[in-house]
Amino acid sequence: MEANTVIQAVYEQVLARNPGEAEFQQAVKEVLDCLGPVLKKHPEYVEAKILDRIVEPERQIMFRVPWQDDKGNIHVNRGFRFEFNSALGPYKGGLRFHPTVSASILKFLGFEQVFKNALTTLPMGGGKGGSDFDPKGKSDNEVMRFCQSFMTELFRHIGPDTDVPAGDIGVGGREIGFMFGQYKRLRNEFTGVLTGKALNWGGSLIRPEATGYGCVYFAEEMLKTRGQSFEGKVCTVSGSGNVAQYTIEKLNQLGAKAVSLSDSNGTIYDPDGINTEKLAFILNLKNVKRGRIKEYSDKFGVEYLEGKRPWGIKCDCAFPSATQNEIDVEDAKTLLKNGCTLVAEGANMPSTPEAINQYITNKVLYGPAKAANAGGVATSGLEMSQNSARLSWTREEVDERLHNIMIAIHNQSYEAAEEYGQPGNLAMGANIAGFVKVADSMLDQGLV
Ligand code: NDP
């Protein structure tokens, strides 16, 4: 059968089997659309039905999470874990706690994770999980009770050689700590079952910084292909959480000027740049006080764009670091009109397919999420290695490994794009390089 017919048939099957799951369907289409030339070159993938298998999670777990608030009221949330593909290693991918969490969102993230993890060069399969629980406005005790209840079911399904979750939106060091404590108590085992742990009890240096730093390292490689550097570049960043914070830190170190941050209520615009002192304020505001980004504009007297995203601000480079589909086609056109020449995705799937088309046709340097934000999971992989060997590497050692991994991811994506006839198209290159590695491993392991 012709490659495009195979792809269309698989996509139609995905639509039929996953009705109403728009995000998952979007993520699958984005990968499938790149695979025509690969199937032509590798008919063995078609024969072994690799596409049909790769779009179906190996295992899907859904469970009830009952918990009590501080007043004694009972709440019931939904917990999920999608164990997508273990061809390359134990399932690996974050947990997201956010009221918008659904099967569709976690399946899109789990699917993406499979190819992202393949690109890191480390032995990790792909998975994703989480809950529709909203940690915002909850006390530490409420978050702890929720995390304990969540882990009381999840612990049966995970383990250091089976499935190793990490953080994502709404799951940072505090939540990982509470879940690790409960896992240890239930299993009576101290193992590296979660990554993103605190340093004192098995965490890795640079893990908190890794996604943001990695995204900037990746963008730096893209700039180098045009003989440019970050020196003097004006950058917009969305979000104000883990990824956004360390993206700004690394941009500052490389001589760029980051001028925006946002949360789900609005955006701050600081034309003078978010320097080290202002970034320290953000870290305290977001990670300790758990306040809103508007407080930055009150403190430093800068503009606050209520209900807006940062894409109307003039910039050379854009770093979407909040959530999926946060740049639509109109935002992309505005970015281009204002002279933006680079988009590096810290968040997962932040650009709609129409926005991506704009980048590709206008030769914007575009770092797709599964390549550009893979530094987080790569460093989680390094945390797993340190846990297994029961040792800790220095900050410099982890940072150097992270940097080299990001260079390798860029090179693999760049080379695959060339090999398959779309030079410079890193979205296509990343999808192909990740897919081929997983597909070959699935062939090696027989029909499972
Ligand atoms: P955090 O929870 O630390 O921060 C998330 C930020 O995004 C907050 O500022 C939040 O604002 C904002 N945000 C979340 N949902 C929405 C929404 N629906 N609309 C507008 N703003 C929103 O998460 P991370 O920084 O860890 O994650 C950010 C992105 O990066 C996600 O897409 C995640 O999947 C991706 N990512 C994270 C990795 C990691 O290592 N942490 C690794 C790879 C990718 P508010 O406080 O108002 O909700």
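Here is a walk through this structure, from the ligand site out to a few residues worth a look.

Keep in mind that this is a predicted model. Let's begin with the ligand. Domain 2 (59-190) and domain 3 (210-372) both contribute residues to the shell around the ligand, so the ligand sits between them. That shell counts 24 residues, and the closest are Asp168, Thr211, Ser264, Arg292 and Asn348. If you'd rather think in secondary structure, look at α9 (207-224), α10 (242-253) and β8 (260-263): each of these supplies at least two shell residues. As for chemistry, the shell is made up of 14 polar, six charged and four nonpolar residues.

Now zoom in on the ligand's oxygen atoms. Ser264, already listed among the closest residues, has a polar side-chain atom 2.3 Å from a ligand oxygen. Backbone takes part too: a polar backbone atom of Gly170 lies 3.0 Å from an oxygen atom of the ligand, and for Val243 there is likewise a polar backbone atom at 3.0 Å from a ligand oxygen. How much of the ligand does the protein cover? On its own the ligand has 890 Å² of accessible area, and the protein covers 83% of that.

Next, some backbone geometry. Met349 isn't a glycine, yet its phi is positive, at about 50 degrees. You'll find Met349 in the loop that links β12 (342-344) to α14 (353-361). Is Met349 buried or exposed? Its relative accessible area is 8%, and the cut-off for buried is under 20%, so Met349 counts as buried.

Arg390 is another non-glycine residue with a positive phi, near 50 degrees. Arg390 also belongs to a loop, the one between α16 (375-389) and α17 (395-419). Its surroundings are another story, though: with a relative accessible area of 71%, where exposed means over 50%, Arg390 is exposed.

To finish, go back to α14, the helix that follows the Met349 loop. Gln358 lies in this helix. Its relative accessibility is 19%, and since buried means under 20%, Gln358 counts as buried. What does Gln358 touch, once residues up to four places away in sequence are set aside? The answer is Val329, Ala332, Lys333 and Leu336.

Technical notes. Residues are numbered from 1 along each chain as its sequence is written. This is a predicted model: local features need pLDDT of at least 70, side-chain atom pairs count only at pLDDT 80 or more; totals for chains, interfaces and linings use all residues. Side-chain values use heavy atoms; hydrogens and water are left out. A residue is near a molecule or strand if one of its heavy atoms lies within 4 Å of it. A polar contact is a pair of N or O atoms within 3.5 Å; within protein, one must be able to donate a hydrogen and the other to accept it, and residues adjacent in sequence count only if both atoms are side-chain atoms. Accessible areas come from the Shrake-Rupley method with a 1.4 Å probe; for residues, only the protein chains shown count as cover. Helices (H or I, at least four residues) and strands (E, at least two) are DSSP runs, numbered from the N terminus. Ala, Val, Leu, Ile, Met, Phe, Trp, Tyr, Cys and Pro count as nonpolar, Asp, Glu, Lys and Arg as charged, and the others, Gly among them, as polar. Domain bounds come from an automatic or database domain assignment. Buried means under 20% relative accessible area, exposed over 50%, partly exposed in between (1.4 Å probe, protein chains only). Contact means heavy atoms within 4.5 Å.
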